[in-house]
Amino acid sequence: MVVALAELDVDLDAAEERRARVEDELVDVRSQLVAAKVGDAAVLVRLPDRDELVAPEELHRDAAGGLAALGVEDVGGEGHRSASYSCLVDERERFLIRYAGSFAPEPIARAEGAWVETADGKRILDFTSGQICSTLGHNHPRIAAAVRSALDNVVHLNSWMLSEPVLALGERLVGLFPPPLDRVLLLNTGTEANEVALKMAKMHTGRWEVVGLTRSFHGLLSGIASVNFSMAHAGYGPVLPGAFAIPAPYAYRCPVRHCEGACDCTCLEVGFELVDQQSVGSLCALVAEPVLSAGGIIVPPDGYFRRVRELLDERGMLLVLDEAQTGFGRLGSMFGFERDGVVPDFVGVSKTLGGGLPLAATITSAAVEEDCYGKGFLHVTSHVSDPLPAAAGLAVLDVIEEEDLVARSAARGEYLLSRLRELQAQHEPVGDVRGRGLLVGLELVEDRESRRPADELGAAVTRECYERGLSMNIVRSQAHANCFRIAPPLTVTEDEIDLAVEIMDASLRAVREPAAA
Ligand SMILES: Cc1ncc(COP(=O)(O)O)c(C=O)c1O
C-alpha cells in the first residue's frame with residue numbers, strides 16, 4: 001500500500017521533453033517518507049516499505065485502494081498525457097473538498113507550544129502559529145482549562161441569551177481600546193468581523209463605496225472579498241459594486257514606480273485621486289490591515305495611517321482596521337493602529353483573540369452602535385455571543401498580560417529580524433527582510449539587481465524546510481509566490497528562532513547547491 005504522500009500534477013508531455021534533464025529531479029516531496037520523480041513518461045513513487053522507484057503499472061497495483069479508487073485507471077501512455085495523481089497518506093483524504101490546493105503531507109496528531117507532531121512522532125516547528133491564530137503557542141493549558149470550564153458550564157446559547165464569559169470579554173476588550181471604541185460584537189471569524197464592520201459603516205453613513213489596498217486580504221465571503229485585492233476574485237461571479245483599490249505602500253516594489261526602499265506615501269495620494277474620480281458620490285469607508293500580511297508582509301511607513309485618517313476625514317469616510325493577524329501583540333504593540341496614534345472607527349479582531357478557537361469581534365463606538373440599533377441593525381448568526389469561545393478569549397487576554405507577551409513579541413521580533421538579516425548577508429536570493437514584531441517577511445528574488453521574484457526557489461525552499469522540520473508559509477499574491485510569512489507564536493524562544501534560521505539556511509544551501517549539501 002502507498003501509505004504516504006503527495007499530490008503530483010504532472011504534465012506528461014512536458015515531462016517527456018524534459019526527461020533527460022530531469023531524470024534525477026525531485027518533482028514533489030510532501031513528506032519524509034516519499035519521494036517522486038518524473039521518469040519515462042510516467043510518475044515513479046518511492047514506497048515507504050520499499051526504498052525503490054516503481055513503474056506506473058506497479059504503482060497502480062500497489063495503490064489499488066488509492067489511485068484506482070480515485071478513478072485513475074492508467075498512469076502512462078497516450079490518452080493520459082496530463083493527469084493528476086494522488087497517493088494519499090490516508091485514503092479518507094479523498095472524501096474532503098480541497099479548498100486551497102493540496103493538503104500537507106501527514107495528518108497532525110498533537111501540538112504544543114511552537115511544535116506540531118505527526119502520528120509517528122515527526123516533530124515540526126510551526127512558524128505560522130497554525131493559521132496565525134495560536135499566538136500563545138498550541139494547546140496552551142490555560143485555554144484548555146477555559147474550554148473545560150465552559151464544557152462544565154455552558155457551551156452555546158440562543159443568540160439573544162448572554163452569559164458571564166461574553167459579558168466579561170466585552171468589558172475586557174473595551175478596556176483595551178481607546179475612546180470612543182466601547183461597543184463589541186462577538187463573532188467567529190475574521191471575515192465576519194470585517195463584514196460586520198462594513199455593514200455597520202454602510203448603515204451608519206448611508207453610503208456604500210469602500211476603498212481597500214491592493215495586495216490586501218480581509219476574508220473570502222462575497223461581501224468582504226470585494227475589497228480583497230490580493231487574490232480570489234476570479235471564478236466566483238460579480239463582486240460588490242463600489243469597491244476601489246488604492247496602491248499598497250510596497251516600498252520594495254513601488255506600485256507607482258516612485259519610491260525605492262522607503263515609501264513616501266505618493267501611492268496613497270495617487271490612490272485617492274483615482275478614487276475621487278471614480279466615485280459616484282457614496283464614499284463610505286476604507287478598510288486596511290496595519291501590516292499587509294497575505295499580500296507579502298508590507299509594512300506601511302510611519303505616518304501612513306495618520307495621512308489615511310486625514311484623507312478619510314476630508315471625505316466624511318470611516319476607517320476600518322482589520323487587526324485579524326496584528327491584534328493582541330503580534331506587531332510588538334497591543335494593536336497595529338497604535339503606531340500612528342490614530343483611532344479607527346471600527347476594528348476587526350479575530351485569529352489572535354481565540355488562541356486557536358473560532359472567536360472574533362467587531363469593535364466600534366457607542367454613537368455608531370446606537371445609530372445602527374435605531375435603524376434595525378441585524379446580524380444574528382448561530383454562534384454569535386457563544387460562551388465557549390468567549391471563555392477561551394478571556395484566557396488568551398489573561399496570558400498575554402501575565403506573560404507580558406506584547407513586549408516579548410517586540411524583543412523576539414527584533415531578534416528574529418537580526419537573525420534573518422544574517423541569512424540575507426549569506427544568500428544572494430534573500431532580496432528583502434522586513435516586518436514588525438513577530439510578523440516578518442523574507443522575499444526571495446532571482447538576483448538583487450533585477451528583484452525578479454524567485455517563485456520556484458520559494459516553493460523548493462518551503463518543501464526543503466518542511467522536510468527538515470520547519471513549517472513556513474509562502475504567501476501567494478497575484479502571479480507570485482516568493483515571500484515567506486514568518487509568524488511564530490509570541491511565546492517562541494530564542495533557541496527555537498535559532499533552530500528555524502538554521503533550517504532555513506541549510507534548506508537554502510541544499511536547494512541552491514544540491515551537490516554541496
Ligand atoms: C488580515 C486578515 N483579515 C481577515 C482574514 C479572514 O479571517 P478568517 O479566515 O478567520 O475568516 C484573514 C485570514 O487569513 C486575514 O489574514
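Around the ligand in this predicted model there are 15 residues, and those that come nearest are T189, G190, T191, G219 and A324. If you are looking for a single element to start from, try helix α7, which spans residues 190–205. Helix α7 gives the most to the shell around the ligand, with 3 residues. What is the shell like by class? Polar residues account for 9 of its members, while 3 are nonpolar and 3 are charged.

From the ligand, let us turn to a sheet. Seven strands form an open sheet with mixed pairing, and you can trace them in the order β9-β15-β14-β13-β12-β10-β11. Strands β9 (181–187) and β11 (243–246) stand at the edges; each has a single partner strand, so one side of each is left without a neighbour in the sheet. As you step across from one strand to the next, the twist averages 20°.

It helps to look at one pair of strands in detail. In general, strands of a sheet pair through backbone hydrogen bonds, in either a parallel or an antiparallel sense. Strand β10, residues 209–213, pairs with strand β12, residues 283–288, in the parallel sense, and 3 bridges join the two. To find your place in this pairing, look for V211, which stands opposite L286 in β12.

Finally, step back to the whole protein. Its elements number 16 helices and 20 strands. Of its 517 residues, 47% count as buried. How far apart in sequence are the residues that contacts join? Among contacts between residues at least 6 apart in sequence, 69% join residues at least 24 apart.

Technical notes: Residues numbered from 1 in each chain as written. Predicted model: local features only at pLDDT ≥ 70, side-chain atom pairs only at ≥ 80, totals over all residues. Near = placed C-beta within 6 Å. Helix = DSSP H or I, 4+ residues; strand = E, 2+ residues; numbered from the N terminus. Nonpolar A, V, L, I, M, F, W, Y, C, P; charged D, E, K, R; others polar. Pairing = 2+ DSSP bridges. Axes fitted to C-alpha atoms, helices over the stretch in contact; angles between N-to-C directions. Buried ≥ 20, exposed ≤ 12 C-beta atoms within 10 Å, placed from the backbone. Contact = placed C-beta atoms within 7 Å.
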